[in-house]
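Me: Could you take a close look at one part of this model for me, the largest nonpolar core? I would like to know which residues and elements build it.

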Amino acid sequence: MRRYVHDHDMRGSVTIAPAVSDAPRPVRMDGGVPALLDIADHPFQGWLLAELNETANYFCVETEAELDDQRPAWARGAITPAGMRTSVRDRFTKDDRRLRYPWVGWDTRRLLQELDDELESIQRELQVAEASANDADLLRESARARLDELRALRNDLAWDRIDTSATKDRMGELETQLAQANSPKVAHLTELLQKQREEAVEARGQVKRLEGEQKRLDREWGELTTAVDDAKDRIDAAPPLTDDERAALAATPFAAPADTTEIAASLTTAITDLRRQIERHKDDREKLETAVVGHIAAYRNLDERTARETDGTIDSLPALLAIHEQLVTDDLPRAKHAWLAKVDEDMNQQLRGVLVQIDDDARSIRRGLDPINDVLRHVRFRQDATLSIESVERPSSDLKDFRQIIIRYTSNTVGMDTRRDADQVEKSFVRLRKQLAKLDDQSRAGDAWRRRVFDAREHVEFQAVETRPDGVKIIHDGVSGMSGGEGQELIAFILGAALRFRLGDGHEGPPSYASVILDEGFVKADSDYTGRSLSALKALGFQLIVGAPREKATAFEDYVESVAYINLDVDDRTRVRIYPMTMTEALQLKDEQH
C-alpha cells in the first residue's frame, strides 16, 4: 500500500496508519462523534473505534454559543453541525472547503441524503441506458440482417445480366430534344420566361403590401368613425356650453391628435389640463374668499355695531357691499379714521401676543422635561451616574428678525398716537404687512419660514447630559466610540424620555399610552446595560414587550413577569408555535437545554 501511494498521484492528502485486526472495541460515549457513526462489523472495527476516540471524539452541540459551555472530560473539544469546532488556546476552527466526502466530525446527514438521491438518479439513468442498449441491439441485428441480404444480392448481381436497352433508347430521345432546345428562339423565349417570372414575383409582393396598407387604412377608418360617433354622442348628451365656459376653455391648451392612436392620450391630456384649470379657479376663489372674509372680520372688529351687522361669512358679502356703499355716500373719512385707530390698536396687542405665545411655548417644552428628569434622577446610568435631558436655545435668524419687526412697529405707540395722523398709521400698517408677507405665503418657503418662527421645537435643541458622582458632566451627542451595550443603553434612555415627553403631555402622571414593543431589544448589551435600560423605561411609566433571543432570558429575569416562547412548527415549517410561560419556567427550560 505504501509503495502504491508513493508511486501514484493520489490527488489529495493521504495519511497511512498501521491497523490491528480483532482489537477490543472501546465504549462509544453518548454525544460524541463516534457515537453518530454506523461502523460495519469487520476485523478492524475495534481499531477504527479506538482511532476515532483518540482523534475525533468531539462533543456534538447545536449552536456556536454552546461551544463555550462545559463539556465532558472524555471530549477532545466541541463541534457544531456546521463544522465549527474548538481548538487549542481558546481558538475555533471551521473549514468550508467543498470536499466530496468531508472528514469525520461534520454532520453527514445531508451528505447521506445527497448520496441516496445520487444513487436513485444513477439507477434511473441505468434503466434508460439499458433500454437504449436494447434498442441498439435490435438495430444491430436488423443491420446485420440487411447486410446479409445485400451480400447475397451482390453475389447474384452481374453487369452482363442488366438490360440497358430501354435506357439507351431514352438517352437517344433526350439527346434529340437537347439539340432542338439549343436554338436562338428557345433561348429568347427562356429569357422572356425568366423575366416574366421575376416581374410576377415582384407584382405579388406589391399586391401583398397594398393589401396590408388597405387593411391598415380600413382599421384606422373604423377607429376614426367610432371616435367621431363617441364624440358626437358625448356632445349631444351634454348641455351646450355657455359663453363663460367657452371663454374659460379658450385658455386651455389642446394638442390635436395625429392619428387615432393618439385620441385617448389627447383626451387624457385635455381632461388633465381642464382639471388643473378648475383647481386653479377653485384655489383663486378660495383665496379671494379668504381675503374677503379677512376684510369682513376686520370690519366686524371695529366695534360692537359692526360685529352685529354681518355674520363673518362670505354669504354676508352683499350686505357688506351695501354698507360700503352707504359709508361712501354718508361719512367714509370718519369711518376710515376709526378703522385705522382699531388697526393701530390690534397691531400692538395681537402682534405682541404672538411674541408672548412663542416664548410661552418654549417654556412649555422646558417644563415638560422636568417630570422626565425627576424620574431619571433616581435611575442609575452607567457606573453610578445619572442622565438628564436638557434643552438649549437654538439661534434662529428668522425669529430674531421677526421680533425686531414686531418691536419696531409696536414700541411706544401709546406716546406716539397724539403725534401720528391717519396717513402715518396706514403707511405703518402697509410697511408691516409687506415685511410680514410670509405669514400668508402658501409656498414651501413660506411654510418653512412659519415653522422656523412659530414652532417652538425649532427654537431649542436637546442634549443628553451624564452626571457622574464627582460632579463631572459629559454631553452625549451620539453613540460614536461606544460599545454596543453602551450605545443601546444611551438609546434606550433617550427613546424612553422622548416617548414620555410626547405621551406625558408635560405632566407628572403616567403617559397616555404605556405599551412599548422592542424588537431584538438589547441583543448587543450585557445584563448590566440591559437592566439599567429596562429600569429607565419602567420608571418612565412604560409597559415593555421585548422580543429577544432565548439566551438573553437571564438579563430580563428581574424585569419581566411572563414569557412567550416562539419557535418553528416542526410539522409545518411555514408556521410557528407560541408557548406562554412564566419567567421562572423560561429559565428552567434554558437550564435543562444546557
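Reply: Happy to! A nonpolar core here is a set of buried Ala, Val, Leu, Ile, Met, Phe, Trp, Tyr and Cys residues joined through side-chain atoms within 4.5 Å. Bear in mind that this is a predicted model.

The largest such core has 18 residues, and those touching the most other members are Leu-376, Leu-387, Ile-389, Phe-493 and Leu-540. At least two residues each are supplied by helix 11 (332-376), strand 5 (386-393), helix 16 (484-504), strand 8 (515-519) and helix 17 (527-539). Helix 11 gives the largest share, four residues.

Leu-540 is a good place to zoom in. Setting aside residues up to four places away in sequence, Leu-540 touches Ile-372, Val-375, Leu-376, Gly-496, Ala-497, Arg-500 and Pro-511. Once you have found that spot, look also for a second, separate core of ten residues, with Leu-355, Leu-399, Phe-402 and Val-453 among them. As a general point, nonpolar side chains tend to be buried together in soluble globular proteins.

For a contrast in setting, turn to the stretches that the unreviewed UniProt entry annotates as "coiled-coil region": residues 112-153, 186-220 and 264-291. Residues 186-220 are 100% helix and 0% strand, with end C-alpha atoms 51 Å apart. Residues 264-291 are also 100% helix and 0% strand, and their end C-alpha atoms lie 40 Å apart.

Gln-277 sits in helix 8 (residues 263-300). Its relative accessible area is 9%, so Gln-277 counts as buried. Beyond its neighbours within four places in sequence, Gln-277 is in contact with Ala-248, Ala-251 and Thr-252.

Methods. Residues numbered from 1 in each chain as written. Predicted model: local features only at pLDDT ≥ 70, side-chain atom pairs only at ≥ 80, totals over all residues. Heavy atoms only, no water. UniProt positions renumbered as here; feature names shortened; annotations may be inferred. Buried < 20%, exposed > 50% of the residue type's maximum accessible area, 1.4 Å probe, protein only. Contact = heavy atoms within 4.5 Å.
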